Amino acid sequence: MSKPDKVNVAVVQMTCSGNKEENVSKAIAKIAEAAQQGANIVCLQELFPGLYFCQTEDHIQFLQAEPIPGPTSDRIQAAAKEHGVVVVASLFEKRAEGLFHNTAAVFDADGEMLGIYRKMHIPDDPHYYEKFYFTPGDIGFRTFDTKFGRVGVCICWDQWFPEAARLTALTGAQILIYPTAIGWLHPEKEEYGPAQVSAWETMMRSHAIANGVFVAAPNRVGIEDNIEFWGHSFVVDPTGTLLEVASHDQEETLIVECNLAQIEFSRTHWPFLRDRRIDAYGGLTKRFIDGDITS
């Protein structure tokens, strides 16, 4: 059966509390609401079942992690099946004793779990102490063939790395989805706030342009301890045009029509994939090029 060219992508921007049951139930309700409004693909924000716990290094937080499949992923899977939508859900995965990942699970519209993506780039910034909690992903960059198109997933800090977007696009992604938890530290907002949001948005718009894909970025919103999550969730098309953008301070669900036929048009008019010099990129496998390199 052929897939539709036009799909409705929903990005869910919501606040979270310290009550896991409350957060998961809210996310499931928002999946239902998005489906009722015509969404085909629903994207939840990074680590939506709880507060963003990586602001401190605290061993007790490991108790929040779950296996995948597990209780929370099972509930999201059931919601995807019930409402006939693809769902991308970011979870704190317990892979084994002492081994944890920041992981997105992808469920097809019939409820099948198509697979997982484990966050590859792990930050260690003030109040983003993720290296304490998460082992870097080891299953590479992946695309999932859903009922409504090929969906590639990266997570938050991955969005700063063009290599991640490129490699995901090269696996056939039509839509790149970035579940995100990014915001302002209180002392920095006044001086750096606008530039930080602009840089974040610009990076993902550039991924859309360079790879000829749609990009969807669901971000958290609300104040949690030292971070004011800045929302501003958005969907962008292959020309880098912002199709819709959410506010900085309100819960919102954007439902955006994406015409996947635009991908071929963009790639044939801006043939960046055609003109790549794959014979000349060997230096990308190096940390830094200290001397001359010819391949």
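Visitor: Why is K3 called partly exposed?

Guide: This is a predicted model, and in it K3 comes out at 36% relative accessibility. Buried would need under 20% and exposed over 50%, so K3 counts as partly exposed.

Visitor: What makes K3 and D145 a salt bridge?

Guide: Their closest N and O atoms are 2.1 Å apart. The cut-off for a lysine nitrogen and an aspartate carboxyl oxygen is 4 Å, so the pair qualifies. K3 sits in the segment before β1 (6-13) and D145 in strand β8 (residues 143-146), so the bridge ties together parts that are 142 residues apart in sequence.

Visitor: And why is D145 called partly exposed?

Guide: D145 has a relative accessible area of 42%. That falls between 20% and 50%, so "partly exposed" is the right label.

Visitor: How do you know that R205 and E201 are separated by about one helical turn?

Guide: Both belong to helix α4 (residues 189-211), and they are 4 residues apart, so about one turn separates them. They form a salt bridge too, with the closest N and O atoms 3.1 Å apart.

Visitor: Is E201 buried or exposed, and what makes it so?

Guide: Buried: E201 has a relative accessible area of 13%, and the limit is under 20%. Its partner R205 has 28%, which lands in the partly exposed range.

Visitor: What makes R95 and D138 a salt bridge?

Guide: Same kind of check: the closest N and O atoms are 2.7 Å apart, and the cut-off is 4 Å. R95 is in strand β3 (residues 86-96), while D138 is in the loop between β7 (128-129) and β8. R95 and D138 also belong to one network with E93 and R118, joined by salt bridges that share partners.

Visitor: Why is N40 called buried?

Guide: N40 has a relative accessible area of 16%; with the limit at under 20%, it counts as buried. Its place is the loop between α1 (20-36) and β2 (41-43).

Visitor: What makes N40 and N8 a polar contact?

Guide: A polar atom of the N40 side chain lies 2.7 Å from the backbone nitrogen of N8, and the distance cut-off is 3.5 Å. Beyond its neighbours within four places in sequence, N40 is in contact with residues including K6, V85 and F148.

Visitor: How do you know that Y281 is partly exposed?

Guide: Y281 has 34% relative accessibility, between 20% and 50%, so it counts as partly exposed. Together with I278 and L284, Y281 makes a nonpolar surface patch of about 340 Å².

Definitions and conventions. Residues are numbered from 1 along each chain as its sequence is written. This is a predicted model: local features need pLDDT of at least 70, side-chain atom pairs count only at pLDDT 80 or more; totals for chains, interfaces and linings use all residues. Side-chain values use heavy atoms; hydrogens and water are left out. Patches are made of residues with over 30% relative accessible area and no salt bridge: like charges are joined within 9 Å, nonpolar side chains (Val, Leu, Ile, Met, Phe, Trp, Tyr) within 5 Å. Accessible areas come from the Shrake-Rupley method with a 1.4 Å probe; for residues, only the protein chains shown count as cover. A salt bridge is a side-chain nitrogen of Lys or Arg within 4 Å of a carboxyl oxygen of Asp or Glu. Buried means under 20% relative accessible area, exposed over 50%, partly exposed in between (1.4 Å probe, protein chains only). Helices (H or I, at least four residues) and strands (E, at least two) are DSSP runs, numbered from the N terminus. A polar contact is a pair of N or O atoms within 3.5 Å; within protein, one must be able to donate a hydrogen and the other to accept it, and residues adjacent in sequence count only if both atoms are side-chain atoms. Contact means heavy atoms within 4.5 Å.
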